[in-house]
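Reader: I should like to go through the pockets of this protein with you. Could we look at the structure together?

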Amino acid sequence: MEVVTKGFELIIFDCDGVLVDSEPIINRAHARVLTACGYSITEEALIERFCGMSDAEMLHIIEREWGRALPGFYAARVGEMIESGFRQSLAPIDSVAEFLDGLRLPRCVASSSVPQQIRYKLELTGLLTYFGDNLFSATMVARGKPAPDLFLYAAEQLRAAPTRCLVIEDSAAGIDAAVAAGMTAIGFSGGSHCGPAHAARLQTHGAKLVIANMRELAAALARIAKPSAAAMHAEPTRG
């Protein structure tokens with residue numbers, strides 16, 4: 001079924017928790033290794049505090065609060081656990097492929113992950129074909145989410161006006177970034193890491209609306225469709 005996207009020029013998707021159900025795998029690995037290193041924290045606490053941020057920013061905050069540097073083996077050990085988890089159980093978010101099949105609008109991914117990880121996750125789940133090379137990482141800009149830099153960079157690269165961009169995000173940091181960029185944001189609370197209060201949190205941060213299943217996204221787009229640029233500039237009718 002063709003998806004109605006009237007008035008938008010570009011749809012920007014976050015990756016983790018929006019396209020692929022990767023947040024539990026990633027945060028479980030970080031929680032286990034951090035706890036083994038002496039910084040006791042749960043997967044749930046990591047998601048609550050740092051969902052949407054880059055690993056580099058998250059670990060910088062943890063080291064600053066902890067007052068010590070993480071050991072040199074940290075990145076490799078976490079990477080091994082995440083790689084194993086991806087190969088065992090990484091899956092696309094339910095119904096996202098069906099939505100993308102019907103989408104007739106330019107689309108891209110803008111994620112806090114590093115470029116090779118974005119590509120790898122999309123390849124592993126069969127979603128890369130929907131985006132090609134339109135993959136943007138926080139490593140490409142000065143500031144990651146919740147700053148607007150990444151979304152503005154993606155819009156600039158694809159020649160889309162920020163006010164005509166739609167962002168699909170599962171994190172408060174991502175919604176903050178979209179709002180700061182002057183874009184419309186739809187929150188997604190259907191990832192397996194999302195608790196019962198997640199939708200309300202996204203709305204509080206400025207999501208236009210929040211959906212819990214990708215099957216709801218086409219209808220959500222129709223509800224918030226913007227007037228076309230032509231309609232906005234048309235001469236008023238005279239009675």
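Author: Certainly. Please note that this is a predicted model. To begin with the second largest pocket, its lining divides into seven nonpolar, five polar and five charged residues.

Reader: How much space lies in the second largest pocket?

Author: The second largest pocket holds about 290 Å³ of space. It is lined by 17 residues, and those closest to its centre are Ile47, Glu48, Arg49, His198 and Arg201.

Reader: Which elements give two or more residues to that lining?

Author: They are H2, helix H8 (172–180) and helix H9 (198–204).

Reader: And which gives the most to the lining of the second largest pocket?

Author: H2 does, with four residues.

Reader: Turning to the largest pocket, what is its volume?

Author: Its volume is about 820 Å³. Of the 44 residues that line the largest pocket, Ser54, Asp55, Ala56, Ser112 and Ser113 are the closest to its centre.

Reader: Which helices each supply at least two residues of the lining there?

Author: Helix H1 (23–37), helix H2 (43–50), helix H3 (55–66), helix H4 (74–89) and helix H6 (115–124) each do so for the largest pocket. H4 gives the most to this lining, with seven residues. H2 thus appears in the lists for the largest pocket and for the second largest pocket.

Reader: What is the make-up of the lining of the largest pocket by class?

Author: The lining of the largest pocket has 20 nonpolar, 13 polar and 11 charged residues.

Definitions and conventions: Residues are numbered from 1 along each chain as its sequence is written. This is a predicted model: local features need pLDDT of at least 70, side-chain atom pairs count only at pLDDT 80 or more; totals for chains, interfaces and linings use all residues. Side-chain values use heavy atoms; hydrogens and water are left out. On a 1 Å grid over the protein atoms alone, a cavity is a set of points where a 1.4 Å probe fits but cannot get out, and a pocket is an open set with protein on both sides within 12 Å along at least five of seven lines; lining residues have an atom within 4 Å of a point. Grid points are joined across faces, edges and corners, and a volume is the space filled by probe spheres set on the points. Ala, Val, Leu, Ile, Met, Phe, Trp, Tyr, Cys and Pro count as nonpolar, Asp, Glu, Lys and Arg as charged, and the others, Gly among them, as polar.
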